[in-house]
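I opened a fresh notebook page for this structure. My plan is to look up empty spaces, a metal site, some helices and a few single residues.

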Amino acid sequence: MAPGATLTTEIVIQTIVSGLLMGFIYALVAAGLSLIFGLMEIVNFAHGEFMMVSMYSVFGLYLAFGLDPLVSAPLCVMFLFALGVATHYGIIRHILNAPMLVQITATFGLAIFLRSLAQFLWTPDYQSIPDPIVSGRLDLAGIFIGVPQLVASAGCLLAFGVLYLFINRTETGMALQATAQDREAASLMGIRTDRMYALGWGIGAACVAVAGVMLTNYYYIFPEVGFIFALIAYVAVALGGFGSIVGALFAGVLIGLVEALGGLLLDPAYKYAIIFAMYLAIVIVRPKGLFGRF
Amino acid sequence: MLEVEDLEVCYGDYQVIRGVSLHVAEGEIVSVLGPNGAGKSTVLNAISGLRPPRAGRIEFEGEPIGGRPPHEIVRRRLVHIMERRRVFPYLTVRQNLWLGGYNPAARDAREETLRHVYALFPRLAEREDQLAHSMSGGEQQMLALGRGLMARPRLLLVDEPLLGLSPAAARHTFEVLRRINETGVAILFIEQNVQTALGLAERGYVLESGRLVLEGRSGELLGSDAVKQIFLGG
Ligand SMILES: Nc1ncnc2c1ncn2[C@@H]1O[C@H](COP(=O)(O)OP(=O)(O)O)[C@@H](O)[C@H]1O
Ligand SMILES: [Mg+2]
């Protein structure tokens, strides 16, 4: 129990609501990571930096043209899609058959590069967008919900739904799954698997960008901003099952709730410790994760 | 329709195929024989574009296809069904079949081809919505064949279609290959068992350590001492 707080029903509900709202954001970030891993068994260590770049691109468009995040969001998501595709063609394609350590250092190197670039362009300082259009808060019978938080969460959930339908209901989505399940067999069907990989990187980056641009309405922007989101996404992917998009959703929401309730019941300082303890417990009992196949 | 001449294929520095020539005529059914590790699969992989050859010429219907990527080759209706079936385990039977007709040359006729495949394999129609990995080995082999047929092949390369099947499933698979061949599709298949292979094929090639050691009509090969030596070790 956090010192000085009393546990009323309102506080508990309030906490659950905040946890859920955060959970949907974690879920989308994790889905992007899981998609890339499921496709080619490469962990994108620059995932958090993709998020950071999406946030700075919103910030940059604000500085340059005074664009509100609401306006620049679609542009920035498209930009990150392109950055994901470029990452595949520029880096990943060349290291597909390289030893795992090379693959790790390659995406890790990209992460450090992007962070340094952000520091160089915008300094390490915390930035924020003043007076975004999406602002204020709702009072629902004593439960307060920040409008930016609600919009971010709803946006992530919507993006998640679109991603799910794309993967499961479209021809290209099916080709993407086939490539993930057996690249050689897929190529014999006439699927251009290299393009599927590029598409996977584009979508993965776009997912984390949707979360990033939504966060700019209420979150600080700084070079390390992606770190904790990516860390939580790695946990969510392992928890939900490597390569499982649905698993990412459940794990993301679970982590959001555990984080919020843990912070309430114990101390906010311990919330990550609780998340990782839960992660370790589930991984020991069920190494494949909740929905995993690997 | 298929001409392979002096094919050489390497894995890294290790040369696996050391000058193999073979051909398949329109409508023919031909087998590739040879002990484990002889390089049979590698030859098919080179033809379908999975493993580009280091040297040699591959022609299909008069056009060079050596070194072209798989997605270009399948469009020419030269279709490869890999060893161990390789169905997409977490897609349904129907999704697997549908993807078989993904290439532009087969795409428009998919509904119709699918009906043919279901007529040939009623079992697949019954299991339409089942995930591929949950089916038996025999059913997965049917699915692999059906998925290959969805690409509307003129030449079908089939790698060890009987591997791991029960005798009943194996007989059924052979019967199906015969029927596919009777509809005018040429077939080049790999099989370890000489008797079985030559019972179905008109001609055969025998591969050993990456080289062609024998070729001929099935009747000749079955009676040959060399075949007995290679496969029965004396
Ligand atoms: N991906 C690969 N990498 C390296 N060596 C391989 C690979 N695939 C096959 N080989 C080697 O090539 C040789 C021929 O293999 P393969 O064509 O699969 O033989 P077969 O199908 O006749 O059993 C074997 O010695 C095998 O070990
Ligand atoms: Mg083989």
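A cavity here is a set of grid points where a 1.4 Å probe fits but cannot get out, and its lining residues have an atom within 4 Å of a point. I also note at the start that this is a predicted model.

**Entry 1: cavities**

I searched the whole structure and got two cavities of 30 Å³ or more. The largest holds about 60 Å³ of space. Its lining takes Ala185(A), Leu188(A) and Met189(A) from one chain, and His80(B), Ile81(B), Met82(B), Arg85(B), Ala144(B), Arg147(B) and Gly148(B) from the other. Three elements give two or more residues to that lining: α7 (183-188) of chain A, and β6 (78-81) and α7 (137-149) of chain B. Which element gives the most to the lining of the largest cavity? I found that α7(B) does, with three residues. Sorted by class, the lining has six nonpolar, two polar and two charged residues.

Next I looked up the second largest cavity, with about 30 Å³ of space. Leu188(A) and Met189(A) are in its lining, along with Val74(B), Val79(B), His80(B), Gly100(B), Arg147(B), Gly148(B) and Ala151(B). β6 and α7 of chain B each supply at least two of the lining residues. The class split for this lining is five nonpolar, three polar and one charged.

**Entry 2: the largest pocket**

I moved on to open space. The largest pocket has about 720 Å³. It is lined by 25 residues, and Gln177(A), Gln181(A), Gly243(A), Ser244(A) and Arg293(A) lie nearest its centre. The elements giving two or more residues to this lining are α1 (9-40), α5 (147-169), α6 (171-181) and α10 (245-265), in chain A. I sorted the lining into 14 nonpolar, eight polar and three charged residues.

**Entry 3: the magnesium ion**

Which residues coordinate the magnesium ion, ligand 2? They are Ser41(B), through OG, and Glu83(B), through OE, at 2.0 to 2.3 Å. Ser41(B) sits in helix α1 (residues 40-48) of chain B and Glu83(B) in the loop between β6 and α3 (93-100), so the pair ties together parts that are 42 residues apart in sequence. I checked exposure too: Glu83(B) is partly exposed, at 23% relative accessibility.

**Entry 4: two helices of chain A**

I checked the length of α4(A), residues 100-122. Its 23 residues should span 33 Å at 1.5 Å a residue, and its end C-alpha atoms are 33 Å apart, which agrees. Buried residues in α4(A) are Gln103(A), Thr107(A), Leu110(A), Ala111(A), Leu114(A) and Ala118(A). They pack against α2 (47-65), α3 (69-90) and α8 (193-215) of chain A. Just after α4(A) comes Thr123(A), with a positive phi of about 65°.

I ran the same check on α2(A). Its 19 residues should span 27 Å at 1.5 Å a residue, and the end C-alpha atoms are 27 Å apart, in agreement. Why do I call α2(A) largely enclosed by the rest of the structure? Because 14 of its 19 residues are buried. Gly66(A) follows α2(A), and its phi is positive, near 70°.

**Entry 5: Met174(A) and Gly49(B)**

Met174(A) is in helix α6 of chain A. Is Met174(A) buried or exposed? Its relative accessible area is 9%, and the cut-off for buried is under 20%, so Met174(A) is buried. Beyond its neighbours within four places in sequence, Met174(A) is in contact with Ile167(A), and with Leu91(B), Gln95(B), Trp98(B) and Leu99(B).

Gly49(B) lies in the loop between α1 and β4 (55-60) of chain B. I noted 11% relative accessibility for Gly49(B), so this glycine counts as buried. Setting aside residues up to four places away, Gly49(B) touches Arg68(B), Pro70(B) and Ile73(B).

**Entry 6: positive phi**

Most residues other than glycine have a negative phi. I therefore looked up two arginines with a positive value. Arg77(B) has a phi of about 70°. Arg77(B) lies in the loop between α2 (70-75) and β6 of chain B, and is partly exposed at 31% relative accessibility. Arg85(B) has a phi near 70°. Its place is in the loop between β6 and α3 of chain B. Arg85(B) is buried, with a relative accessible area of 12%. I had already met Arg85(B) in the lining of the largest cavity.

Methods: Residues numbered from 1 in each chain as written. Chains lettered and ligands numbered in written order. Predicted model: local features only at pLDDT ≥ 70, side-chain atom pairs only at ≥ 80, totals over all residues. Heavy atoms only, no water. 1 Å grid on protein atoms, 1.4 Å probe; cavity = no way out; pocket = protein on both sides within 12 Å on 5 of 7 lines; lining within 4 Å. Points joined across faces, edges and corners; volume = space filled by probe spheres on them. Helix = DSSP H or I, 4+ residues; strand = E, 2+ residues; numbered from the N terminus. Nonpolar A, V, L, I, M, F, W, Y, C, P; charged D, E, K, R; others polar. Donors = N, O, S within 2.8 Å, 3.2 Å for Na, K, Ca; no water. Buried < 20%, exposed > 50% of the residue type's maximum accessible area, 1.4 Å probe, protein only. Expected span 1.5 Å × (residues − 1). Contact = heavy atoms within 4.5 Å.
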